[in-house]
Amino acid sequence: MAKLAQGAKYRGSIHNFPDFDPSQDADTLYNAMKGFGSDKEAILELITSRSNRQRQEICQNYKSLYGKDLIADLKYELTGKFERLIVGLMRPPAYSDAKEIKDAISGIGTDEKCLIEILASRTNEQIHQLVAAYKDAYERDLEADIIGDTSGHFQKMLVVLLQGTREEDDVVSEDLVQQDVQDLYEAGELKWGTDEAQFIYILGNRSKQHLRLVFDEYLKTTGKPIEASIRGELSGDFEKLMLATVKCIRSTPEYFAERLFKAMKGLGTRDNTLIRIMVSRSELDMLDIREIFRTKYEKSLYSMIKNDTSGEYKKTLLKLCGGDDDAAGKFFPEAAQVAYQMWELSAVARVEVKGTVHPAGDFNPDADAKALRKAMKGLGTDEGTIIDIITHRSNAQRQQIRQTFKSHFGRDLMADLKSELSGDLARLILALMMPPAHYDAKQLKKAMEGAGTDEKALIEILATRTNAEIRAINEAYKEDYHKSLEDALSSDTSGHFRRILISLATGNREEGGEDRDRAREDAQALALGIENNLKLLEIWVCYDQVAAEILEIADTTSGDRSSLETRFMTILCTRSYQHLRRVFQEFIKMTNYDVEHTIKKEMSGDVRDVFVAIVQSVKNKPLFFADKLYKSMKGAGTEEKTLTRIMVSRSEIDLLNIRQEFIEKYDKSLHQAIEGDTSGHFLKALLAVCGGED
């Protein structure tokens, strides 16, 4: 097994086999390959239940007993992906990495993704072992081969990483952190062109602990994450390498969870990537990768492998995975806090929210009103002018244009726009022209009109708006429809879902900071309300004071769903966002369960959906909207109403943050997604609101 740092816990999925007998194992493998055909089941069962160190002993004993090379025999007997996977497991880790890199730079073309993955993720010690293994296996110098097969700044950063000289001191100088932040800022954002050498020097040499603080300070200083600056300043393979380096510094397991997901999503499987990661991380951090994978993608790594592969290849991969984590929300204790920190670090409280639409400089409502009138007068309509003016003015400026238009021409600008435009473009432009509260009120009204109710729209709006926004919506609804929003919700919804929506619609969420003692009480209340099953009782039994209360509740509630949903409503609908983030953390500490996954497991229907929306909004509101936008454009057809609603409502609040979350999660920009899924003037207007390509 991999050597552990002092005090570190083993997080691999493969362990030393007890009562290990290398001679007996060698004999078992020999018999499995003897005669016609081979016993693949016996081979995979044995090899996946031995650590890499034990496999090396088996190889030595095999040669001593039979005068044959075990890896050569395995290659001869097995085929395809299964053969590559088994042979990969039989090599020492450094030699496995060396083989991967040799394959990546051999022949025509270079597998840059493989080079990036290995060199950005390995420790100093692993790099040194890799260089030595490459020299031993191929009698060649790895650095010289890398230089011969790559070029430019990409090559320079690879060479820096190949030195294996990243600082490892945990003592961090605050002055040096500030200096590095300033140097990176001046090398990129403040410079005409980019000083790539500064990025290479700092990201290639500083310790992980130091760089994590640099990234935090960079965000505070510049208002954008370091990843956004890298995307804006660098390009090509060099950009990808630097982003991978940043991801590994933040969390190596999260980097590999993302790589595994991308290897299996969509049509086809990137088997080389899947094999390389499953082999290389099986004795390092596979348990952490599994936890992060499930938290981030809401499915287990095990289930995705099971659905994406087949045969002995699948069985071997599942053995390396080490278990199925699809019991929603359940965490290994050591990984629970890692999962929490994943989204705590990106919480809105720590990020300056920014829109993409800003007040126009030298604003002239008189000129704008005249230009709009001209664009709609006579035969035909000048949609380009309309789009250009309306998407480049703030909402407050648009209201001034409306007033000026009526004063000059005695006409209602909204009515004229409605008459001249049509379809998706008309809906988007008219939405931009409405004051935000009146637009939200209209969307809520439409969601409750006619046969059926658009629960998704109700949830999206009421679960994400601030108290001030909710109060403004209530006033606008009353003014526009002569009925209170509460009465409308009462008439069109029912049960717990109605109670939750009405609670949200009061706009009475607390707005203070966190109270740790109260957060623990709230977390305990949620935990006690979840389920009086034996598993949770076993987990909590060590909490002596809590255990008695759990048993008392279990005796009195008898699984009362009303009590469960009422507890969640009382806390999720009234506590401040900052306080709720602390509640969620305390919930994980207390139960090893994530509250979002627990809700998905224990609840159903609209009640589940609204509670999940609240939790996701508390965790990271821009990410919540990024997910909604992605789903509105995913697959066949586009949900234009959802797309329009979010683009309009967030354009002056946090659409820039949403863009950043979108590209981070989906590996393509919001601009690209819109461009690929819409067309014509609607596309042009959406891209203007989007505000740029990332």
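## Exposed residues in two loops

A residue counts as exposed when its relative accessible area is over 50%, and this cut-off helps with reading the predicted model described here. Aspartate 667 has a relative accessible area of 51%, and it is therefore classed as exposed. Aspartate 667 is found in the loop between α39, which covers residues 655-666, and α40, which covers residues 670-677. Its backbone has a positive phi of about 65°, although aspartate 667 is not a glycine.

Histidine 482 can be described in a similar manner, beginning with its place in the loop between α28 (467-481) and α29 (485-492). Histidine 482 also has a positive phi, here of about 55°, although it is not a glycine. With a relative accessible area of 67%, histidine 482 is exposed.

## The protein as a whole

The protein has 41 helices and zero strands, and buried residues make up 52% of its 694 residues. If one takes the contacts in the protein with a separation of 6 or more, then 73% of them are accounted for by residues 24 or more positions apart.

## Two nonpolar cores

The largest nonpolar core has 100 residues, of which Leu417, Phe611 and Met647 touch the most other members. Helix α37, made of residues 605-633, gives this core its largest share, which is 13 residues. A second core, separate from this one, has 91 residues, and among them are Ile71, Ala120, Met264 and Tyr297.

What is leucine 417 in contact with, once its neighbours within four places in sequence are left aside? Leucine 417 is then in contact with Met376, Ile386, Ile390, Ile429, Leu430 and Met433.

## How α6 meets α8

Two packed helices are described by the angle between their axes and by the distance between the axes. Helix α6 (residues 93-105) packs against helix α8 (residues 124-138) at an angle of about 70°, and their axes are 8 Å apart. Because angles from 65 to 115 degrees count as roughly perpendicular, α6 is roughly perpendicular to α8. The crossing of these two helices, α6 and α8, is right-handed.

On the α6 side, the contact is made by Ala94, Tyr95, Asp97, Ala98, Lys99, Ile101, Lys102 and Ile105, while α8 brings Gln129, Leu130, Ala133, Tyr134, Asp136, Ala137 and Tyr138. Sorted by class, the residues in the contact of α6 with α8 are 10 nonpolar, one polar and four charged.

## How α27 meets α30

Helix α27 (residues 455-462) and helix α30 (residues 495-505) have axes that come within 10 Å and cross at roughly 35°. The crossing of α27 and α30 is left-handed. From α27 the contact is made by Glu455, Leu458, Ile459 and Leu462, and from α30 by Phe497, Leu501, Leu504 and Ala505. When the residues of the contact of α27 with α30 are divided by class, seven are nonpolar, none is polar and one is charged.

## A closer look at leucine 504

Leucine 504 lies in helix α30. Is leucine 504 buried or exposed? Its relative accessibility is 6%, and a residue under 20% counts as buried, so leucine 504 is buried.

The C-alpha atom of leucine 504 is separated by 9.6 Å from that of isoleucine 459, a residue 45 residues apart from it along the chain. Leaving aside its neighbours within four places in sequence, leucine 504 is in contact with Leu462, Ala463, Ile470, Arg509, Cys573, Val610 and Ile614.

Methods: Residues numbered from 1 in each chain as written. Predicted model: local features only at pLDDT ≥ 70, side-chain atom pairs only at ≥ 80, totals over all residues. Heavy atoms only, no water. Axes fitted to C-alpha atoms, helices over the stretch in contact; angles between N-to-C directions. Helix = DSSP H or I, 4+ residues; strand = E, 2+ residues; numbered from the N terminus. Parallel < 35°, antiparallel > 145°, perpendicular 65-115°, else oblique. Left-handed = near helix turned anticlockwise from the far one by under 90°. Contact = heavy atoms within 4.5 Å. Nonpolar A, V, L, I, M, F, W, Y, C, P; charged D, E, K, R; others polar. Buried < 20%, exposed > 50% of the residue type's maximum accessible area, 1.4 Å probe, protein only. Core = buried A, V, L, I, M, F, W, Y, C linked by side-chain atoms within 4.5 Å.
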